[in-house]
Amino acid sequence: MPTVSSEELAAAAGVNSAKLRKDFSYLGSYGTRGVGYDVEYLVYQISRELGLTQDWPVVIVGIGNLGAALANYGGFASRGFRVAALIDADPALTGRAVAGIPVQHTDDLEKIIQDNGVSIGVIATPAGAAQQVCDRLVAAGVTSILNFAPTVLSVPDGVDVRKVDLSIELQILAFHEQRKAGEEAATPDGGGPAAVARKESADKGPDGDVPAVMPA
């Protein structure tokens with residue numbers, strides 16, 4: 001039976017092993033001194049606490065490029081999330097299968113939610129339609145929403161919203177790149193290892209030390 005020690009887990013997570021053991025104790029998993037933790041049982045305990053040991057039906061509203069990509073994502077099922085329905089306002093999409101699931105029209109949204117016992121909705125519509133879709137989802141009984149639309153949603157108390165904005169994530173990466181560039185420029189020789197590598201590369205042609213641009 002495979003086991004893992006708290007020291008191994010702490011090293012992989014970058015935390016203190018004593019703190020890790022204390023956190024695990026809240027799960028009811030104390031491990032065995034000198035042996036460690038039963039890997040399979042530990043995974044089950046963590047999954048249980050995260051709510052991943054039960055089936056979570058999910059609806060995706062907005063089956064454009066992003067919605068279709070989400071519908072085809074294979075990682076949902078392995079984490080306990082089942083795509084129960086795909087919904088779109090375009091009549092031309094109604095009945096068309098995406099990831100093996102027929103697209104249904106938004107006119108039936110409330111019935112779809114109730115028939116499938118859905119509490120989690122994913123919004124992948126254009127920004128202008130997102131709030132209306134959100135209101136209808138909430139009114140139908142959805143209490144958790146994952147929002148991919150580039151807008152901020154207004155929801156009543158008791159409804160949780162997680163917003164995924166890819167442009168913001170890219171802006172964060174751009175900020176880090178800008179900061180790294182500033183740090184390189186601030187060094188006495190005008191750059192760190194990356195800058196040195198770029199300089200060495202510039203001094204060489206495609207065949208090594210031969211200049212990339214030969215004299216005419």
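This section describes the fold, the central sheet and selected helix contacts of a predicted model.

The protein chain contains nine helices and nine strands. Of its 216 residues, 31% are buried. Among contacts between residues at least 6 apart in sequence, 46% join residues that are at least 24 apart.

Seven of the strands form an open sheet, in which the strand order is β5-β6-β4-β3-β7-β8-β9 and the pairing is mixed. The edges are occupied by β5 (residues 97–98) and β9 (residues 160–163); each has a single partner strand, so one side of each lacks a neighbour in the sheet.

At the β5 edge, β5 is joined to β6 by two bridges, and these two strands run antiparallel. Within this pair, Ala97 has Pro102 of β6 as its bridge partner. The two strands form a hairpin with two residues between them. Ala99 is located in the loop between β5 and β6 (residues 101–105). This residue has a positive phi of about 55°, although Ala99 is not a glycine. The relative accessibility of Ala99 is 41%, a value that counts as partly exposed, since buried is defined as under 20% and exposed as over 50%.

On moving inward from the hairpin, β6 is found to pair with β4 (residues 81–88) in the parallel sense, over three bridges. Here Ile87 is the bridge partner of Gln104 in β6. Thus β6 pairs antiparallel with β5 and parallel with β4.

Further along the sheet, β3 (residues 56–61) and β7 (residues 120–123) are paired in the parallel sense over four bridges. In this pair Val58 is placed opposite Ile120 of β7. On its other side, β7 is joined to β8 by four bridges, and this pair also runs parallel. Gly121 is placed opposite Ile145 of β8. Both faces of β7 are covered. Ile120 and Val122 lie on one side, Gly121 and Ile123 lie on the other, and all four are buried. In a regular strand the side chains alternate between the two faces of the sheet.

Helix α7 lies across three strands of the sheet, namely β3, β7 and β8 (residues 144–147), and runs at about 170° to β7. The same helix also packs with α6. The axes of α6 (residues 109–116) and α7 (residues 127–140) come within 9 Å and cross at roughly 40°. The two helices are therefore oblique to each other, and α6 passes α7 in a right-handed crossing. From α6, the residues in this contact are Leu109, Glu110, Ile113 and Gln114, which meet Arg136, Leu137 and Ala140 of α7. By class, the contact of α6 with α7 comprises four nonpolar, one polar and two charged residues.

A second helix pair was examined towards the start of the numbering. Helix α1 (residues 6–13) packs with helix α2 (residues 17–25) at an angle of about 105°, and their axes are 9 Å apart. The two helices are therefore roughly perpendicular to each other. Ser6, Glu7, Leu9 and Ala10 of α1 make this contact with Ser17, Leu20, Arg21 and Phe24 of α2. By class, the contact of α1 with α2 comprises four nonpolar, two polar and two charged residues.

Leu9 was also considered together with Tyr37, a residue of strand β2 (residues 37–38). Tyr37 and Leu9 are 28 residues apart in sequence, and the distance between their C-alpha atoms is 9.7 Å. Tyr37 is buried, with a relative accessible area of 3%. The 3% of Tyr37 falls in the buried class, whereas the 41% of Ala99 counts as partly exposed.

Terms used. Residues numbered from 1 in each chain as written. Predicted model: local features only at pLDDT ≥ 70, side-chain atom pairs only at ≥ 80, totals over all residues. Heavy atoms only, no water. Axes fitted to C-alpha atoms, helices over the stretch in contact; angles between N-to-C directions. Parallel < 35°, antiparallel > 145°, perpendicular 65-115°, else oblique. Left-handed = near helix turned anticlockwise from the far one by under 90°. Contact = heavy atoms within 4.5 Å. Nonpolar A, V, L, I, M, F, W, Y, C, P; charged D, E, K, R; others polar. Pairing = 2+ DSSP bridges. Buried < 20%, exposed > 50% of the residue type's maximum accessible area, 1.4 Å probe, protein only.
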